[in-house]
Amino acid sequence: MANEQKDIFTVVTSGDSETQTMAMVLSNQVIDRGADVRVLLCGDGGALGVAGEEFPTFEPVGRTPQQLLQRLIDEGATVEVCAIFLPNSGYDEDDLIDGVGVAEPQPIGAYMLEENVQYFTF
């Protein structure tokens with residue numbers, strides 16, 4: 001039986017940099033295998049999408065979670081902060097790194113219900 005291609009929806013709410021790094025490592029693994037990846041950054045995880053935020057470097061990848069997020073963007077992933085992150089964080093759209101948008105609840109809800117979407121949360 002052949003594997004049906006899945007779209008991967010990674011939701012990061014954790015502010016823990018190690019957890020964020022693992023989410024990005026795994027998301028990069030699946031994008032490298034041809035899956036479409038969409039990332040939603042919410043709550044403490046929203047800082048990943050903010051320019052100028054500092055994160056520790058983790059081994060063995062030798063990168064920060066934000067560097068791994070940038071790689072996902074470069075590889076074509078859709079990356080968004082949740083709709084309530086900006087108005088409740090003190091940041092605005094100009095603070096986001098290039099390639100990070102702002103999610104709208106209705107399209108996200110519809111996406112989550114698509115049959116081929118595999119949902120992961122960190």
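This passage describes how the strands and helices of a predicted model are arranged.

A good place to begin is the sheet. In this model, 5 strands form an open sheet, and reading across gives the order β4-β3-β2-β1-β5, with parallel pairing. The edge positions belong to β4 and β5 (117-121), each of which has a single partner strand, so one side of each is left without a neighbour in the sheet. On average, neighbouring strands of this sheet are turned by 25 degrees against each other, direction ignored. As general background, strands of a sheet pair through backbone hydrogen bonds, either parallel or antiparallel.

The individual pairings can now be followed through the sheet. Strand β1 (residues 7-12) pairs with β2 in the parallel sense over 5 bridges, and here phenylalanine 9 stands opposite arginine 38 in β2. Strand β2 (residues 37-41) in turn pairs with strand β3 (residues 78-81), again in the parallel sense, over 4 bridges. Within this pairing, valine 39 has valine 79 of β3 as its bridge partner. To get from β2 to β3 the chain passes through α2, and this β-α-β crossover is right-handed. Valine 79 also provides a handy landmark for the next pairing, as it stands opposite valine 100 in β4. There, β3 and strand β4 (residues 100-102) pair in the parallel sense over 3 bridges.

Helices lie across these strands. Helix α2 lies across β2, β3 and β4, and runs at about 140 degrees to β2. Helix α3 (residues 105-112) lies across β1, β2, β3 and β5, running at about 130 degrees to β1.

Helix α2 also has a helical companion. The axes of helix α1 (residues 17-32) and helix α2 (residues 65-74) come within 8 Å and cross at roughly 25 degrees. Because this angle falls under 35 degrees, α1 counts as roughly parallel to α2. The crossing in which α1 passes α2 is left-handed. On the α1 side, the contact involves Ser17, Gln20, Thr21, Met24, Val25, Ser27, Asn28, Ile31 and Asp32, which meet Pro65, Leu68, Leu69, Arg71 and Leu72 in α2. By character, the residues of this contact of α1 with α2 divide into 7 nonpolar, 5 polar and 2 charged.

Taken together, helix α2 links several parts of this description: α2 lies on the chain's path from β2 to β3, lies across β2, β3 and β4, and meets residues of α1.

Methods
Residues numbered from 1 in each chain as written. Predicted model: local features only at pLDDT ≥ 70, side-chain atom pairs only at ≥ 80, totals over all residues. Heavy atoms only, no water. Axes fitted to C-alpha atoms, helices over the stretch in contact; angles between N-to-C directions. Helix = DSSP H or I, 4+ residues; strand = E, 2+ residues; numbered from the N terminus. Parallel < 35°, antiparallel > 145°, perpendicular 65-115°, else oblique. Left-handed = near helix turned anticlockwise from the far one by under 90°. Contact = heavy atoms within 4.5 Å. Nonpolar A, V, L, I, M, F, W, Y, C, P; charged D, E, K, R; others polar. Pairing = 2+ DSSP bridges. Right-handed = clockwise from strand over helix to strand, strands pointing away.
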